[in-house]
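Student: Please take me closely through one part of this model, the packing of its helices. Add the strands around that part where they help to place it.

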Amino acid sequence: MPVPGPPTAPPADRPTAPAADPPTAPAADPPTVPAADPPTAPAADRPTVPAADGRDGEEWRRPSPRLGRMRRAEVGLVGLVALALAAGLAGAFGSPVAVGASVAGVVVAAGLADNLLQRRVRSWGYLERADDLLVRRGVMVRRLSVVPYGRMQFVDVDAGLVERAFRLATARLHTAAAAGDVRVPGLEASEAARLRDRLAALGEAKGAGL
Amino acid sequence: MSRPGADLGSGNGGWHRLHPLSPVVRFSRALVGLVVVLGVNTAQARSGAGARIGDIAVAVVALVGAVVSWLVTRWRVDGVTLRTETGLVRRGSRQVPLARVQAIDLIQPAAARLLGLAELRLRVAGSGSHVRLAYLSQPDAEETRSRLLALAQGARPDAAPPPETPLVSVPTSRLAVSVLLSGSGFLALSVVAGTAAVAVLLPGAVAPIAGSAAVVLIALVSPAVRRVTSEADFRLADAADGLRVRCGLLETVAETIPRGRVQAVRQVEPLLWRALGWQRLEVVVAGSVGHRRREEPARRVVRALMPVGPPAAAAVLLERVLPGARAVPRPAPRRAQWKAPLSYHFLAGGHDDAYGLASSGRLRRSTAWVPLAKVQSVRLVQGPWQRWLGLASIHLDVPGRRQRATLRDRDANEARHLVTTLPELCRRARAAEASQPQAQVLQRRPQPAAPPLRATR
């Protein structure tokens, strides 16, 4: 399982990070779905179709490693605010024990949140096949979407404030079914543009034959 | 001057007005409101002449506005396009190529019905918007409708309308009984019975609960009443261009469900109906799909195909709207009852080369059929509890908000197999559909097919 890249260097600049680092270090993202390819599947039927759960790995593209850093920064910012609030509140009681406990609580919570978010970042993946785009995501609830290029209505590429700071963008694919829309976050700007153009071209080509 | 068929009056270049009484119907609701306000004010006699003059002025302005809007609205058929012009200040002109018209509905709200008027509503492929001609006199509306339909199908305008064969007709009495026996009707009955029981046993306690019981009752009864009035006198007929639906008690609707536009079919069997062997069939028709960036709530996308009826009639209709469906539902694995104990008994799903189907439900069984050619995306979703049990769900999304068939809680291996094979089946089904000439017209894609419309970077 290729991990997108080493998590950030020890983020010494954030007070909540020390707690965040240990959980992410063992990057043993537990095997997502039992790797067994469907034994009942008549594999001879479509030998070209890669395993849809993406265990074979190499064709799946992943968001930029900066997405992990971005999520950590978000946790860090929220954590700092929470830390200030908690410390201030506990300080009002004037007991150093309360201050210590609240700081520890915030740090632990931020660490847990960071752990979950890092695992979520690592769970994202997309695979461009001949006729459709596969997008997988999710840690607790795992999702795998298959969207045929011919069914795309349009493609969005947008970037929020935080995303722009990390030079990332999110690509969104819209179909006529509201529930069928998929997105891929944390793409490098060049990759987002490439994906957008490729999807648009493919949508045109495949959609025209409809 | 408002007879489109008759005195075309060469002087006005073939332009027609709407019926002179249309402003009355269009603003009947506003007028009713104003009349009520006026009546209340007069009865209370608390307001002086000034307030009354104000009310009257508002009413007059509304009426004048309605009349002006009628005066400046006109329409004509220009060879193969329908042109409408509206608006006094902001003049709007619209041209509808009749070849792109999917269906023409005839709608009669209660007020229009009293005055013998009807509205024509043209559904246009691609763009989700309707074009309305409100209102024409009823004979005119029917004549114009068949003329426009004939033009839309490339026939001569005076050709006879295509013949129809009746398929289903539902007596209103049976519809009323069926609504009483459905979930909300039954709940309403039990609320009444409960209140009555309390009244008998504890006369003192009635007053406090009567109010809330009434509120619950109104909330339960009004949708049921709406369903009875909108689907009363239901008749379904088979015509060359699709299925014709006629129904309604106060507001009557005559509409066509075009061939090849059915996105999904739902078969609903509430608990009490099953004892009588009754079913309800609904279709999901592509309403406003893909014409805006964000999808809009398409009005009345779900239409009843059979409000209530026996399984034999349902089977005939299913064969009619889903020709050649052979998919056999297979129940979910036994361990799914740990995850869905209340609905396990109805969980089933399956597919064949052209259709997918999935059923679920706790008390009422709901079975959804989707033509694989309409599927927009295939999704596999596996929650933590499902992973523990080795289960996963497959969603087959079709156009529209929350329209899909969900094969819930299948075996995880089977689900993974499905998510690899179903997209290929969908592709083949699409190709097969596109090769049919009829379907090609109906499947014309909206113009903004896929270009990158927005890039915010």
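Tutor: A crossing counts as left-handed if the near helix is turned anticlockwise from the far one by less than a right angle, and as right-handed if clockwise. The model is predicted: local features need pLDDT (the predictor's confidence in each residue, from 0 to 100) of at least 70, side-chain atom pairs count only at pLDDT 80 or more, and totals for chains, interfaces and linings use all residues. Residues are numbered from 1 along each chain as its sequence is written, while chains are lettered from A and ligands numbered from 1 in the order in which they are written.

Take helix H8 of chain B, residues 206-231, as the reference point. Helices (H or I, at least four residues) and strands (E, at least two) are DSSP runs, numbered from the N terminus. Helix H6 of chain B, residues 172-181, packs on H8(B) at an angle of about 160°, and the axes are 10 Å apart. Axes are lines fitted to C-alpha atoms, for helices over the stretch in contact, with angles from 0 to 180 degrees between N-to-C directions. H6(B) is therefore roughly antiparallel to H8(B) (under 35 degrees is roughly parallel, over 145 roughly antiparallel, 65 to 115 roughly perpendicular, the rest oblique). The two helices cross in the right-handed sense. H6(B) brings Leu175(B), Ala176(B) and Val179(B) to the contact, and H8(B) brings Ala224(B), Arg227(B), Val228(B) and Glu231(B); residues are in contact if their C-beta atoms, placed from the backbone, lie within 7 Å. Sorted by class, five of these residues are nonpolar, none polar and two charged (Ala, Val, Leu, Ile, Met, Phe, Trp, Tyr, Cys and Pro are nonpolar, Asp, Glu, Lys and Arg charged, the others, Gly among them, polar).

Helix H7 of chain B, residues 183-201, also packs on H8(B): their axes come within 9 Å and cross at roughly 165°. H7(B) and H8(B) are therefore roughly antiparallel to each other, and this crossing is left-handed. Residues of H7(B) in the contact include Leu187(B), Ala188(B), Val191(B) and Val198(B), and those of H8(B) include Ile209(B), Ala213(B), Leu217(B), Leu220(B) and Ala224(B). The contact of H7(B) with H8(B) has 15 nonpolar, three polar and no charged residues.

In sequence, strands lie to either side of this helical stretch. Strand S8 of chain B, residues 165-170, pairs with strand S9 of chain B, residues 234-239, in the antiparallel sense over five bridges; two strands pair if DSSP finds at least two bridges between them. Within that pairing, Thr165(B) faces Asp238(B) of S9(B). S9(B) is also joined by five bridges, again antiparallel, to strand S10 of chain B, residues 242-247. One bridge pair there is Ala237(B) with Arg244(B) of S10(B), and S9(B) and S10(B) form a hairpin with two residues between them.

Chain A offers another helix pair. Helix H2 (residues 66-93) and helix H3 (residues 96-123) of chain A pack at an angle of about 165°, with axes 9 Å apart, which makes H2(A) roughly antiparallel to H3(A). Their crossing is right-handed. This contact has 16 nonpolar, five polar and three charged residues.

One helix packs on a sheet that draws on both chains. The sheet is open and antiparallel, with six strands in the order S1(A)-S2(A)-S3(A)-S19(B)-S20(B)-S21(B). Strand S1 of chain A (125-128) and strand S21 of chain B (404-411) stand at its edges with a single partner each, so one side of each has no neighbour in the sheet. Neighbouring strands are turned by 15° against each other on average, direction ignored. The chains join where strand S3 of chain A (residues 142-148) and strand S19 of chain B (residues 377-382) run antiparallel over five bridges, with Arg143(A) opposite Val381(B). Helix H12 of chain B, residues 412-434, packs on this sheet, touching S2 and S3 of chain A and S19, S20 and S21 of chain B; the direction of H12(B) makes about 170° with that of S19(B).

Lastly, confidence. The mean pLDDT of chain A is 75, and 70% of its residues reach 70 or more. Over residues 1-55 of chain A, pLDDT stays under 50, and the model has 76 contacts beyond four places in sequence for them.

Notes. Contact = placed C-beta atoms within 7 Å.
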